[in-house]
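Hi there,

Here is the structure I promised to pass along. Have a look at it first, and my notes follow underneath.

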Amino acid sequence: MTYHPKSDFMATMMQRGFLADCTDYQGLDEALSEGIVPTYIGYDATAKSLHVGHLLNIMMLRWLQKTGHKPITLMGGGTTKVGDPSFRADERPLLTPEQIDANIDGMKQVFAKYLTYGDGPTDALMLNNAEWLDGLNYLDFLRDIGRHFSVNRMLSFESVKSRLDREQSLSFLEFNYMILQAYDFLELNRRYGCLLQMGGSDQWGNIVNGIDLTRRVLDHEIYGLTSPLLTTSDGRKMGKSAGGAIWLNADMLSPYEFWQFWRNTTDADVGRFLKLYTELPIEDCDRLGALAGSEINDAKIILANEVTTLCHGAEAAAAAEATAREVFEKGGVGDDLPTVALERSEIAEGISVVQLIVRAGLAKSGKEAKRLIAENGARMDDAPLTDAGLMIDADALSRPIKLSAGKKRHALVKLG
């Protein structure tokens, strides 16, 4: 693609690798050059925290605001009641309204770190689509909105087609999701002048539906822009680790573990992740990403510090780096490690080291912990753990014990 953008936002998206596709490059670029473009991304409230998989789009909203435009974070209080079927093999479990509200409260904590909310022209807005979806009259909605959707076309979208091709059931409830998301864009345009929806490239069909619907009902020109669906260079989905999702809320994943996730980036991904997840100048990202040998580790520490500072603050990033240095360079314990505090009553009869490894989050199951020990991957106080039947009692915990899985994952066990 040889399009040369005029607007700062579009230039940033293209130069830093955020852009997968756009419904109208030139039209959007001109709108961005001419004035403030209110832009939204939707987030369904399926968990109490956002995770690293959401961070790419949060950074897009941050750059949007930094280049003079208005971000809208749309919480899916309404759409979460249906569940997005896009590229899923099965239906999402249905959540109660109370669960959805609790999840939204947890997710809101993250956005305030990346965006400035308020009443100014480029201040971010936090909205909830339950505002217009909860009160819909079914017959009016079918007549006014449903008539604009062709079932033939909806069946042709890849997100639906992939499910049907595998002969996996797609409920009528889920089939409605793309109509509701399209209606969100229409309502945001009508109520808040929203001109752009962004999302991952798996949302392309849903975004295009919203643009078509708004054109038909309001005769307004609006736009869509998608980001690439990221995988790491070794083919894993971005944001997943052996231990599960990399959450952005500190109460669900410690800043130290978050920092470690970035510090453990594969060499080949460092330059790309610096461009996407930090605000360092592009030439610095290229220079750091090109380092070889042991020098690339310095670039990984910069990546971990920059991303952790944005998400958890500079103090948390500095503490995580200090702990990592103490753990790896001096074999010390470090103050910031994930910690399991045991009550004396729990260990009156002793507790197996296998259970401790699971409790510390270093293995998902006893079976996995035993395999870790059998393969010489587990250590206690930096000494190899060879006995899966080892029992730990109160005497052994007269001081904290450090457990390790591999070279990079550690936890402390102590008496509470």
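**What I found**

Helix 3 is mostly covered, with twelve of its 15 residues buried. Please keep in mind that this is a predicted model. Among the buried residues of helix 3 are Leu55, Leu56, Ile58 and Trp63, and the list also includes Asn57, Arg62 and Gln65. The length of the helix works out nicely: at 1.5 Å a residue, the 15 residues of helix 3 (residues 52-66) should span 21 Å, and the C-alpha atoms at its ends are indeed 21 Å apart. After helix 3 comes Gly68, which has a positive phi near 95°.

Next, the sheet. Six strands make up an open sheet with mixed pairing, in the order 1-6-5-2-3-4. Strand 1 (21-22) and strand 4 (125-128) are at the edges with a single partner strand each, so one side of each has no neighbour in the sheet. Further in, strand 2 (residues 38-43) pairs with strand 3 (residues 70-75) in the parallel sense, over six bridges. If you want a spot to zoom in on, Ile41 has Thr73 in strand 3 as its bridge partner. Helix 10 (residues 177-192) lies across strands 2, 3 and 4 as well as strand 5 (196-200) and strand 6 (223-227), and it runs at about 145° to strand 2.

Further along the chain, strand 15 (residues 409-415) is worth a look too. Five of its seven residues are buried, so strand 15 is largely enclosed by the rest of the structure. Strand 15 pairs with strand 9 (residues 339-342) in the parallel sense over four bridges, and Val340 has Val413 as its bridge partner there. Strand 15 also pairs with strand 14 (residues 401-405), this time in the antiparallel sense over five bridges, with Ala405 standing opposite Arg409. The hairpin of strands 14 and 15 has three residues between the strands, and Gly406 takes a positive phi near 70° in it.

One residue to pick out in strand 15 is Ala411. Is Ala411 buried or exposed? Its relative accessibility is 0%, so Ala411 counts as buried. Leaving aside neighbours within four places in sequence, Ala411 is in contact with Pro338, Ala360, Leu362, Ile401, Lys402 and Leu403. As for Gln203, 208 residues away along the chain, its C-alpha atom is separated from that of Ala411 by 38 Å.

Happy to go through any of this with you.

Best wishes

Definitions and conventions: Residues are numbered from 1 along each chain as its sequence is written. This is a predicted model: local features need pLDDT of at least 70, side-chain atom pairs count only at pLDDT 80 or more; totals for chains, interfaces and linings use all residues. Side-chain values use heavy atoms; hydrogens and water are left out. Two strands pair if DSSP finds at least two bridges between them. Helices (H or I, at least four residues) and strands (E, at least two) are DSSP runs, numbered from the N terminus. Contact means heavy atoms within 4.5 Å. Axes are lines fitted to C-alpha atoms, for helices over the stretch in contact, and angles run from 0 to 180 degrees between N-to-C directions. The expected span of a helix is 1.5 Å times one less than its number of residues. Buried means under 20% relative accessible area, exposed over 50%, partly exposed in between (1.4 Å probe, protein chains only).
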